[in-house]
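Trainee: I have a new structure to go through. May I put some questions to you about it?
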Amino acid sequence: MPQCALPPQHVPDLPEDVILGVDTHKDIHVAALITTLGASLAHQEFPTTARGYRQLISWARSFGVLHRAGVECTGSYGAALTRALKAEGIHVVEINQPDRATRRKRGKTDAIDADAAARGVLSGRATTTPKSADGPAADMRVLRLAKESAVKARTQALNQLKAVLLDVDPDLRDLLTGLSNAALVATCAALVDERGEAVFTMRLLALRIQNLSAEVKELTWRTTKAVRSCRPQLLDLVGVGPDSAAVLLIAAGDNPDRLTDEASFAALCGVSPVEQSSGKTQRRRLNRGGNRQANAALYRIVMTRIRWDERTQAYLQRRTAEGMSKREIIRCLKRYVARELYRHIRPSVPLNYRPPLDET
């Protein structure tokens, strides 16, 4: 008997994968969606509120399955949105702003930037994992932000105090001239207001300096406590103080595992040479990019070691005898320090490893 053909069964259409791109701003975020084949689907604005983030995610999922998203400024305007996307199980990639050549060709609108963010994820050009910003490094960042402003305001107030001192009564000026900064501030804070407006201003500035000094001391103590809570071994290294350690931990972020190796950390700090070879010319140039605060922290560590560390002093003498300038030696030492600190910043690397200076 002939076999009967089974009736064709209807296979439901599976939802298509979509990729989200977001151009972030202070008050609104502009989102764009594309397919995995690169076709543009839609773009829309959303407010930068908790409700707006939920609306953005629901809107994106209404077009298909959302697994990947490219977000600009994940460390500032896009930080809250990044956390909301990660909470929904969406992989977030940090997007740099489009280069000038691309903007000249395509123009500049928020929708174009959001579309470019999505295409950066699709092409694989954007691969950077954003900082998680939910741990000790995020706490250190806000502490350092407050401390830097307090130190700047204290320096400004001290300069103003010394400027006002030039116009006061000569007898009082002779009494205060020659005092150290601490003694000058303490003496001016104890002055009596009835001696004139200039004396009143000096007393006011001195009290402001004392209050700012108390703020700086409190912020330094909290920063040191935060460093000791997560990476206490950093403070045992020669030349590494709480401020420098905090700057490097902030640069690495609360998820240092996003740094693939110590070379990526060196590039992040701007101490990795950049290839600039062409034809028969083989050379490298100085890396002027990276986190400049982290670069400055490495410089402070190197200068401290040059002054106090015997191994670094011996390295300096040997390299000088080989004909290297001091600036070139400092660059090599900064690269070495970045290599050493990486082992202590990333927990997966053994903490007892200390590379020799000859590896530089």
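Trainee: Is Arg335 buried or exposed?

Mentor: In this predicted model, Arg335 is buried, because its relative accessible area is 14% and the limit for buried is under 20%.

Trainee: Where does Arg335 lie, and what is Arg335 in contact with?

Mentor: Arg335 lies in helix H13. Leaving aside neighbours within four places in sequence, Arg335 is in contact with Glu262, Ala263, Ala266 and Val271.

Trainee: What about Arg339, where does that one lie?

Mentor: Arg339 lies in helix H13. With 9% relative accessibility, Arg339 counts as buried. Its C-alpha atom is 10.0 Å from that of Ser264, although 75 residues separate Arg339 and Ser264 along the chain.

Trainee: Now the nonpolar core. Which residues of the largest one touch the most other members?

Mentor: The largest nonpolar core has 38 residues, and those that touch the most other members are Leu234, Leu248, Phe265, Leu298, Leu341 and Ile345. At least two core residues come from each of helix H8 (197-230), helix H9 (242-252), helix H10 (262-268), helix H11 (292-308), helix H12 (310-321) and helix H13 (326-345).

Trainee: Which helix gives the largest share of this core?

Mentor: H13 gives the largest share, with nine residues.

Trainee: And Ile345, what is it in contact with, leaving aside its neighbours in sequence?

Mentor: Beyond four places in sequence, Ile345 is in contact with Arg231, Leu234, Leu248, Leu249, Ala252, Pro256 and Phe265. Leu234, Leu248 and Phe265 also appear among the core residues that touch the most other members.

Trainee: A change of topic: what is the volume of the largest pocket?

Mentor: Its volume is about 510 Å³. The pocket is lined by 20 residues, and the closest to its centre are Thr74, Gly75, Lys131, Arg141 and Ile250.

Trainee: Which helices supply at least two residues of that lining?

Mentor: Helix H2 (79-87), helix H5 (136-165) and H9 each do so. The largest share, three residues, comes from H5.

Trainee: How many of the lining residues are nonpolar, polar and charged?

Mentor: The lining divides into eight nonpolar, six polar and six charged residues.

Trainee: Two alanines next. Why does Ala189 count as buried?

Mentor: Ala189 counts as buried because its relative accessibility is 15%, and the limit is under 20%. Its place is in helix H7 (residues 181-189). Apart from neighbours within four places in sequence, Ala189 is in contact with Arg203, Ala206, Leu207 and Gln210. The C-alpha atoms of Ala189 and Ile209 are separated by 9.3 Å, with the two positions 20 residues apart along the chain.

Trainee: And how does Ala111 count, buried or exposed or in between?

Mentor: Ala111 counts as partly exposed, because its relative accessibility is 22% and buried means under 20%. Ala111 is found in helix H4 (residues 110-123). Not counting residues up to four places away, Ala111 touches Val30, Ala32 and His43. Ala111 is also 9.3 Å from Gly21, C-alpha to C-alpha, and these two are 90 residues apart in sequence.

Trainee: Lastly, the chain as a whole. How many helices and strands has it?

Mentor: The protein chain has 13 helices and seven strands. Of its 360 residues, 40% count as buried. The accessible surface comes to about 20,700 Å², and 53% of that belongs to carbon and sulfur atoms.

Trainee: What share of the contacts joins residues at least 24 apart?

Mentor: Among contacts between residues at least 6 apart in sequence, the share is 59%.

Key:
Residues are numbered from 1 along each chain as its sequence is written. This is a predicted model: local features need pLDDT of at least 70, side-chain atom pairs count only at pLDDT 80 or more; totals for chains, interfaces and linings use all residues. Side-chain values use heavy atoms; hydrogens and water are left out. A nonpolar core is a set of buried Ala, Val, Leu, Ile, Met, Phe, Trp, Tyr and Cys residues joined through side-chain atoms within 4.5 Å. Buried means under 20% relative accessible area, exposed over 50%, partly exposed in between (1.4 Å probe, protein chains only). Helices (H or I, at least four residues) and strands (E, at least two) are DSSP runs, numbered from the N terminus. Contact means heavy atoms within 4.5 Å. Accessible areas come from the Shrake-Rupley method with a 1.4 Å probe; for residues, only the protein chains shown count as cover. On a 1 Å grid over the protein atoms alone, a cavity is a set of points where a 1.4 Å probe fits but cannot get out, and a pocket is an open set with protein on both sides within 12 Å along at least five of seven lines; lining residues have an atom within 4 Å of a point. Grid points are joined across faces, edges and corners, and a volume is the space filled by probe spheres set on the points. Ala, Val, Leu, Ile, Met, Phe, Trp, Tyr, Cys and Pro count as nonpolar, Asp, Glu, Lys and Arg as charged, and the others, Gly among them, as polar.
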